[in-house]
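Please find below some short points on this model, set out for checking against the coordinates. They cover strand pairing first and the surface afterwards.

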Amino acid sequence: MTAIKHALQRDIFTPNDERLLSIVNVCKAGKKKRNCFLCATVTTERPVQVNVVKVKKSDKGDFYKRQTAWALRDLAVVDAKDAVKENPEFDLHFDKVYKWVASSTVEKNTFISCIWKLNQRYLRKKIDFINVSSQLLEESVPSGENQSVTGGDEEAVDEYQELNAREEQDIEIMMEGCECAISNAEAFAEKLSRELQVLDGANIQSIMASEKQVNILMKLLDEALKEVDQIELKLSSYEEMLQSVKEQMDQISESNHLIHLSNTNNVKLLSEIEFLVNHMDLAKGHIKALQEGDLTSSRGIEACTNAADALLQCMNVALRPGHDMLHAVKQQQQRFSDLREQFARRLASHLNSVFVQQGHDQSSTLAQHSVELTLPNHHPFHRDLLRYAKLMEWLKNTDFAKYEGLTKNYMDYLSRLYEREIKDFFEVAKIKMTGTTREGKKFATLPRKESAVKQETESLHGSSGKLTGSTSSLNKLSVQSSGNRRSQSSSLLDMGNMSASDLDVADRTKFDKIFEQVLSELEPLCLAEQDFISKFFKLQQHQSISGATTNEAEEMDGVTLSRSFTSGVPQTVSSEKDMIRQMMTKIFRCIEPELNNLIALGDKIDSFNSLYMLVKMSHHVWTAQNVDPASFLSTTLGNVLVTVKRNFDKCISNQMKQMDEVKISKKSKVGILPFVAEFEEFAALAESIFKNAERRGDLDKAYIKLIRAVFVSVEKVANESQKTPRDVVMMENFHHIFATLSRLKISCLEAEKKEAKQKYTDHLQSYVIYSLGQPLEKLNHFFEGVEARVAQGIREEEVSYQLAFNKQELRKVIKEYPGKEVKKGLDNLYKKVDKHLCEEENLLQVVWHSMQDEFIRQYKHFEGLIARCYPGSGITMEFTIQDILDYCSSIAQSH
């Protein structure tokens, strides 16, 4: 225990200028045993403070820590439980009763005794000691009045005391004088004892000799004792006086502590009051602006905005614990709520009036804008409303129900306004598309000239390419004879100074411009309104949606609104973006049906208008998706693009269907089939329209379908043709297809171009062989017999010995084909070929040149047989190869 006491004094009390007087090892009564120490301490500084300190061993190590301290003056009762029997339990009554169990009765009694002494020494207020042995308290009384309480509590001096330097020196001198001190300690001790007795006897004799001095000394001592008693009496009186002074000083110290505590509380109270005043006080100017501020002027709107922000700050101030219990705070909060409600109603009413006024003001300008095919500009209205954007944000944060109501009212009023404007706008667009078109012209089958096609290509897309050949109208597939087409074209051209192709070009150019203008007007209108909605209603529109899930939707006037918007809960970024799209859908609900009606009208006017619409719509969809792929504009144009693509596919399917149903005239030659010419014009027009277009892949797929259908239909017509040989139909039309594909250089049709060339070449050769036949028929039969004999095994030089194939027979056959007859036969052949071939394709000279080559080939073959089978006979043909060339050239020039 002594070691623990020293350790506690060193580690805990010495740093705090305290002195440990007594210690007892205790644990709380009735609980799990967790030992601690109760220590009685006094401060080393005056005034002396007496404390009872609870010290506990730390859970994290072997060191001790100060846990609780009580002032001894707060101790009211010490209860030892039993004054007779030994009992380790005792109670200490401070602000409440603390029950302890000491580790031993001795430690308990020592601690209680120390408490009693400290109470007697330092406290005027006496502590009640109950159930304490009176003997323990009596033993604690000091033996001398001048003996201090603390002096009796000092630890007894240890039995062993270390010698000082003087004592060590004396012992050494003594031991040096006695040689046997070290070797024989007993003898040394006896010697010392004898010397001590001698000294004692000498002292007694000296005392007895000085009895008179002793008596005098005793008298002096008695007088000194009397003086001491007087001094003690004075000291006792001084002590009583000092005790009262001590109590007064203690009271003054305690009073100073209370004053300091009061000052601290006053400072804290002032801080709380200043906090409430600074954060929950709204300026009179702000209150007036909220109640009476002008919401029509810029200055008034700015004042109302500042006042609303200040009100929101006052309402959102983070109150400290307990503030909400104050009556003044509750009153101020109620006042703020009333101001907010009053201003929110006034703001909502004013904005609703602005929405209604906007609908009436814009109606007067509809007619002017509609005639010019432009949509009214809402920028001034947006600019005026954006002045209220901050107030709308304030309303969204403070009164979501009114914010929601304003949103719905805005959609209702503006949807009706935009519906009137857009319907009038589309009505004018339809009139402009159909108003100048001649009746019956749109669906007629008319020829197109090279200049017209070139004009269309250059006017629409700046192309300088040429389209050759005379073809029929794009929008109807009908097969007519070239004579009928020429007569119909001339009769129509006589009715006006503009060709049918020129009319088609003008109509399509006009439609293209109108359709582009419609899209160009709608796009900025939607983007401007979407941007305004985002800024005015404080909704996010350009943040990405990553893993965002949309809430369940509910119907409101045919438009789905997010439940998060109607629930009064502020929305996330993704739901706000959805809200923009839903508001745009409600406001511009008429755009998609009106666009679909316009597209249907354009398709009815000319089915090939779907090409223009597909390119234009694809470009605008691509542009809108680059800005925001999930926006209303992108979604709406994407839906309409699906309709345009269907019309485009329908146009292609109709052409293929009409090819399959084509019928040819039995009385006239076929020539270039109308659908072949129309494919050429379609391809030329499509290439000019789809130049650098985003939907080029759709056109390539249509090309593949159309060209295969053309191939199949050409073969079908060729097989059914009665007036024109099959080879001619195939040759001319596949030559025309090959020329078209070569000129347009369509990369996806390279395989079809090679196939068309092969078919043209094959059928040209077949037609030449079939038409030319055997112009020298008898001579041909003669040499067939010669070849037959050679094939039977007769040597070529021995064939002339055969009776039927001798030289005389050969000369007879040769004489039947003089040059004049040969030229006449070739002339008849030329006329026959001229009747078969059409003028549009201009293949007569090509075919004639091929026949010339074939005739020369037969001539050379006959000459070779004569040279091999009739060597040295000198037999030759009546005409030469040069004669053949001259005949063919002369015949071609004459026709």
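1. This is a predicted model. Strand 1 (residues 18-28) and strand 7 run antiparallel and are joined by 3 bridges. Within this pairing, V26 stands opposite A102 of strand 7.

2. Strand 7 also pairs with strand 6 (residues 89-93), again antiparallel, through 5 bridges. L92 has Y98 in strand 7 as its bridge partner. The two strands, 6 and 7, make a hairpin, and 3 residues lie between them.

3. Which side chains of strand 7 (residues 97-102) point to the buried face? They alternate along the strand: Y98, W100 and A102 are on one face and are buried. V97, K99 and V101 point to the other face and are not buried. A102, the residue opposite V26, and Y98, the partner of L92, thus both belong to the buried set.

4. On the surface, a nonpolar patch is formed by I207, V214, I216, L217, M218, L220 and L221, with about 610 Å² of accessible area together. Helix 8 (residues 211-279) gives the most to this patch, 6 residues. V214 is one of the patch members and lies in helix 8. V214 can be counted in the patch because its relative accessible area is 31%, and the cut-off for patch residues is over 30%. At that value V214 is partly exposed.

5. A patch of negative charge on the surface gathers E167, E168, E172 and E176. E176 is found in helix 5 (residues 165-177). With a relative accessible area of 65%, E176 is exposed, and therefore meets the requirement of over 30% for patch residues.

Notes: Residues are numbered from 1 along each chain as its sequence is written. This is a predicted model: local features need pLDDT of at least 70, side-chain atom pairs count only at pLDDT 80 or more; totals for chains, interfaces and linings use all residues. Side-chain values use heavy atoms; hydrogens and water are left out. Patches are made of residues with over 30% relative accessible area and no salt bridge: like charges are joined within 9 Å, nonpolar side chains (Val, Leu, Ile, Met, Phe, Trp, Tyr) within 5 Å. Accessible areas come from the Shrake-Rupley method with a 1.4 Å probe; for residues, only the protein chains shown count as cover. A salt bridge is a side-chain nitrogen of Lys or Arg within 4 Å of a carboxyl oxygen of Asp or Glu. Lys and Arg count as positive and Asp and Glu as negative; His and the chain ends are not counted. The place of a charge is taken as NZ of Lys, CZ of Arg, CG of Asp or CD of Glu. Helices (H or I, at least four residues) and strands (E, at least two) are DSSP runs, numbered from the N terminus. Buried means under 20% relative accessible area, exposed over 50%, partly exposed in between (1.4 Å probe, protein chains only). Two strands pair if DSSP finds at least two bridges between them.
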